[in-house]
Amino acid sequence: MSNELTSLVDLLDLERVEQDIYRGDSREAVVPRVFGGQVAAQALVAACRTVPDGRLPHSLHSYFLRSGDPGAPIVYTVDRIRDGRSFTTRRVVAVQHGQPIFHLSSSFQTYEEGLEHQVPMPDAPDPETLPTAEDMMPRYAELFGGSEVPQRLMKARAAVDLRYVREPPFASAGKPREPLSQVWFRTNGKLDGPLDHPMLHICLATYVSDMTLLDSVLLAHGRGGWAVGDVVGASLDHAMWFHRPFRADEWLLYDQVSPTSQGGRGLANGRIFTRDGRLAVSVIQEGVVRVPRDEK
C-alpha cells in the first residue's frame with residue numbers, strides 16, 4: 001500500500017472522544033477549505049462505528065453547510081435515530097469552531113435477496129490505456145501559469161489512481177462540450193488484512209465521489225474549474241446509493257452527466273460501475289457554480 005493511501009486510511013480512522021462522538025483531522029485541499037469528500041467520508045465512518053455488525057450503508061444524504069477549516073480538527077456527533085430488524089438509521093453533524101459545517105443522514109441494511117435489474121454499463125476504454133495523473137498533469141503547467149497548481153492537484157489526489165477518459169475541464173476551458181464526463185479510479189494500493197472490509201471500501205468511494213462529479217456542469221459551459229479560477233463554487237449537497245458490493249482498490253468507472261444548471265447552481269448525476277459491468281453506486285450532487293464577479 002502506498003504512503004499516500006496509508007495517509008488517507010489514517011485520515012478516515014477517527015479518534016473516539018466518547019460514546020458516539022468522534023474527532024478527525026483535516027488536510028489541505030486544492031482550494032483553501034476542507035475537501036468535501038473528506039468530510040462526507042469521515043462522517044460516514046463515524047456513523048458506521050455505531051451500527052450493528054452485518055449492516056452496510058445503502059444510502060446517504062448530506063448537506064455542506066459551511067466551508068471547513070483545513071487547519072482544525074472536526075468533531076462528529078452521531079445520533080442513533082433507529083435500529084430496526086433490517087434497517088438502521090444514523091444522523092451525523094460535523095462541527096468546527098463551535099459551528100456545524102456538514103450534516104449527514106445514512107441508512108444501513110442487513111443483506112437480503114430480492115428482485116434485481118440494472119442499466120447496462122456505458123462504453124469506456126480500458127483504464128490501463130489511459131494516461132496517469134503523472135503523465136497528464138505536467139502537460140497543463142502553462143495553462144495554470146506554472147507547475148504549482150498541477151503539483152497541488154496531484155498531491156491532493158495522490159492516494160487515488162484517477163484517469164480521465166477524455167480531457168478534463170481545465171484542459172478544455174473556453175470550449176463548451178457535451179456535459180458528460182468519465183473517469184476510472186482505484187486506490188493507489190491494495191487494501192489487505194484488517195483494512196479489507198466492505199465499510200472501508202464504501203467510505204473510500206464516498207471520498208472519491210466528490211472529486212470530479214461537478215466536472216460535467218463545467219464542461220457544458222467551457223469552464224475550466226476552481227483551480228483555473230473561471231468559476232466560483234462549492235458542493236451544496238451530496239447523495240449516494242450503494243447497490244452492489246465493490247472494491248475501492250479495483251478499477252471503477254465513474255460515469256457523470258449534468259442534466260441542468262441554473263440560478264448559480266449545477267446538478268450532476270453519477271453512476272459507478274465495477275470493471276465487469278455491475279452498477280455499484282449511484283450519486284447525485286448539486287453545487288454552487290458561479291461566474292466570477294468581474295465577468296458580470
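Accessible areas here come from the Shrake-Rupley method with a 1.4 Å probe, and for residues only the protein chains shown count as cover. With that in hand, the protein chain exposes about 14,200 Å², and carbon and sulfur atoms supply 50% of that area.

Okay, a quick word on what we're looking at. This is a predicted model, so local features need pLDDT of at least 70, side-chain atom pairs count only at pLDDT 80 or more, and totals for chains, interfaces and linings use all residues. Residues are numbered from 1 along each chain as its sequence is written, and side-chain values use heavy atoms, with hydrogens and water left out.

Let's start with the whole chain. There are six helices and twelve strands in it; these are DSSP runs, H or I over at least four residues for helices and E over at least two for strands, numbered from the N terminus. The C-alpha trace spans about 55 × 45 × 40 Å along its principal axes. How does the radius of gyration fit a compact globule? For 296 residues you'd expect a value near 19 Å, and the chain has 19 Å, so the two agree. That radius is taken over C-alpha atoms, and the globule rule is 2.2 Å times the number of residues to the power 0.38.

Now, burial. Buried means under 20% relative accessible area, exposed means over 50%, and partly exposed is in between, with a 1.4 Å probe and protein chains only. By that rule, 49% of the 296 residues are buried. As for contacts, meaning heavy atoms within 4.5 Å, take the ones between residues at least 6 apart in sequence: 73% of them join residues at least 24 apart.

Next, two loop residues. Both D20 and H97 have a positive phi without being glycine. For D20 the angle is near 65 degrees, and the residue sits in the loop between β1 (15–18) and β2 (21–24). H97 has phi near 50 degrees and lies in the loop between β5 (87–96) and β6 (99–110). Which of the two words fits H97, buried or exposed? H97 is exposed, because its relative accessible area is 63%. D20, on the other hand, counts as buried because its relative accessibility is 10%.

My favourite part is strand β7, residues 160–164. Five of its five residues are buried, so the strand is largely enclosed by the rest of the structure. In a regular strand, side chains alternate between the two faces of the sheet. Here both faces are covered: V160, L162 and Y164 are buried on one side, and D161 and R163 on the other.

And what does β7 pair with? Five bridges join it to strand β8, residues 180–187, and the two run antiparallel; strands pair if DSSP finds at least two bridges between them. L162 stands opposite F185 in β8.

Stay with β8 for a second. S181 lies in this strand and counts as buried because its relative accessibility is 6%. Leaving out residues up to four places away in sequence, S181 touches D215, L219, Y254, D255 and Q256.

Last stop, A159, in the loop between α4 (148–156) and β7. A159 is buried, with a relative accessible area of 6%. Its C-alpha is 5.3 Å from that of N188, although 29 residues separate them in sequence. Beyond its neighbours within four places, A159 contacts E4, L5, L8, T187 and N188.
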